[in-house]
Amino acid sequence: MTDLVDLTIAEARKALDEGEFTATELAEAHIKEMEKAKHLNAYITETPDLALEMAKKSDERIKNKKAGLLEGIPVGMKDLYCTKGVLTTAASHILDGFVPFYESTVSEKIWNAGGVLMGKTNLDEFAMGSGTITGYYGCTENPWKRTGDNKTVLVPGGSSGGSAAAVSAGLCMCATGTDTGGSIRQPASFCGIVGLKPTYGRCSRYGIIAFASSLDQAGPMARTVEDTALLMEVMAGFDDKDSTSAQLAVPNYRKALGGDLKGKVVGIPKEYRPSGINPDVIKMWDEGIRWLKDAGAEVVEVSLPHTEYALTTYHVIASAECSSNLARYDGIRFGLRKDGKTLDEVYANTRMEGFGNEPRRRILIGTYILGESRYNDYFLKAQKVRRLIVKDFDDAFKKVDFLLTPAAPSTAVSAEEMKNQDPITVFLNDAFVCPASLAGLPAMVVPSAISSDGLPLGLQIIGKPFAEEQVFQVASIIEKAANFTKQPHRVRG
Amino acid sequence: MPVDINTVKQVAYLARLKVPDSDLEKVAKELESLCQWAEHLKEVDTEFVEPLTSVLDKDMPLIYRDDKVTEGGIRDELMSLATENEDGYYEVPQVVE
């Protein structure tokens, strides 16, 4: 029999219902795998006892024919989601000892569907970063290695890098991520898994620690498109605790998979071929275009003329919003508190010690940009350019049904390589993913190729607002054509 | 646009971050380089463009929920987050000076 940790959710659900193994056995297999893979540091907090408790309840519900969509399935929860009674850190020292007494809406939906919590996955501090290297609890390792180089440790991407590494390494069957400017999609590409950033408003943000509220969105990560669709069905939906969540029914995304693309038009944005892009990435993209043609789609080139301004726009808006959102961490009501002679000193000492370099840097930038003499030139300007970026997509979608682009301009790099990149190059890593965030569009990454040095590469499908079904369908066609079967190196015992 | 040390001190104060004196120069350089980088947004003609604050502002109204109590009686849970508490009071440093 296949190792339990290698199964897809669809396979495991069937086997659980047919009594081939129990949810407890499935949880135990994953706990064992987690013990072997501690060096990956994919989890900040592992919850094996809770997992076994939840699995036991799942076994009862399966026995009573009351299984939910995710009944008995081991899930990794990004440590940005508040989980009742389980330490929630956002990978920050400032949330020391923060054990929420409430549950985020999305995680609650997952538990109601029978999901089993394996632990809280690592991330960049407050989701600020693209490598899972900025957090207080250390870096996460990518389970993948370059061919012939077992020494160099690569980053899993970020900020949902703990989730991506855990899913890829078989430390859970699926995980949640959050995406503000690519934080689900870039790690999915680096770790060879599937990740979806849904339309802004598709999933509730209630109980998810805020970074940049006009951009943040929760989304699913899994090893197959079908599994991602299943998790998405559970996560999506209106929530009266989040006034920005959409009052739309949640479709059965799995029904959208397969079929052909006859009559559909795919747009290829011509601005997504900057210099310095890895030739393997271009090769994969060309292959992806061919696969969609083979499925009956018409391919046309489109222009998104403001693409070159997206990164700056994103950086200005995200920094400004984060400086406001993170103002709540003052050391007074919860988390870390450092003493001071005056109240201002208590705030300043707590925040200086509690926040790591990355949040501090972004808070200072955001505060500076929002200052009276800079507000119009930078913040307001960026908000205006953002409207033009949205308009670019609107115009393109008058001619095409969806867009196809690479997810990232390169494969995973080492933390050392990433740290030595100048800030502009670091942000370029998000060049293909952040425009869809600014426009609030659904965008999904599917592993599509292996680079010449043996690492996974993903293609990105960008859809119209709330057209997740279309995105899932295209993803399933790419998945089938790519026949991506390579697995990362795993510790077997 | 050069950023002087006093501006950095003012920004750090507004952000309630105790930036050590030895780092002020470094932060000034960072703010400068961000602004230099952001200069290229000025190339974009936005004369008749409204700023976009939410991607939902086009056609989706924000939803208000009914103003009613949905949970309560969770004093002990709320108290569990307090850094300090005494006799059932949530103890914090003096915040009104």
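Two residues are in contact here if their C-beta atoms, placed from the backbone, lie within 7 Å. The model is predicted. In it, V116(A) offers a good starting point for that definition. Leaving aside neighbours within four places in sequence, V116(A) is in contact with A23(A), A27(A), A51(A), M54(A), A55(A), S58(A), G72(A), I73(A), P74(A) and V75(A).

V116(A) also belongs to the largest nonpolar core, which has 170 residues. Among the members that touch the most others are V116(A) and its contact V75(A). C174(A), M221(A), I461(A) and A475(A) complete that group.

**Overall build of chain A**

Chain A holds 16 helices and 11 strands. Of its 493 residues, 62% count as buried. The C-alpha trace spans about 65 × 55 × 50 Å along its principal axes. A compact globule with 493 residues would have a radius of gyration near 23 Å; chain A has 21 Å, which agrees. Contacts reach far along the sequence. Among those between residues at least 6 apart, 78% join residues at least 24 apart.

**The sheet**

Chain A has an open sheet of 11 strands with mixed pairing. The strand order is 1-3-2-4-6-5-10-11-9-7-8. Strand 1 and strand 8 of chain A stand at the edges. Each has a single partner strand, so one side of each is left without a neighbour in the sheet. From one strand to the next, the twist averages 30°.

Strand 9 and strand 11 of chain A pair in the antiparallel sense, over 5 bridges. In this pair, L403(A) stands opposite I462(A) of strand 11.

Helix 7 (residues 225–235) of chain A lies across four strands of the sheet, listed below. Helix 7 runs at about 145° to strand 6 of chain A.

| Strand of chain A crossed by helix 7 | Residues |
|---|---|
| Strand 4 | 174–179 |
| Strand 5 | 194–197 |
| Strand 6 | 217–222 |
| Strand 10 | 443–450 |

Two of the core residues named above fall in these strands: C174(A) in strand 4 and M221(A) in strand 6.

**The side facing chain B**

In the interface, 49 residues of chain A are in contact with 40 residues of chain B. On the chain A side, the elements that give two or more residues are helix 9 (310–325), helix 10 (343–354), helix 11 (357–369) and helix 12 (375–399). Helix 12 of chain A gives the most, with 11 residues. By class, this side of chain A has 24 nonpolar, 14 polar and 11 charged residues.

Note on methods
Residues are numbered from 1 along each chain as its sequence is written. Chains are lettered from A and ligands numbered from 1 in the order in which they are written. This is a predicted model: local features need pLDDT of at least 70, side-chain atom pairs count only at pLDDT 80 or more; totals for chains, interfaces and linings use all residues. Two strands pair if DSSP finds at least two bridges between them. Axes are lines fitted to C-alpha atoms, for helices over the stretch in contact, and angles run from 0 to 180 degrees between N-to-C directions. A nonpolar core is a set of buried Ala, Val, Leu, Ile, Met, Phe, Trp, Tyr and Cys residues joined through C-beta atoms within 7 Å. A residue is buried if 20 or more other C-beta atoms lie within 10 Å of its own, exposed if 12 or fewer, and partly exposed in between; C-beta atoms are placed from the backbone. The radius of gyration is taken over C-alpha atoms; the globule rule is 2.2 Å times the number of residues to the power 0.38. Ala, Val, Leu, Ile, Met, Phe, Trp, Tyr, Cys and Pro count as nonpolar, Asp, Glu, Lys and Arg as charged, and the others, Gly among them, as polar.
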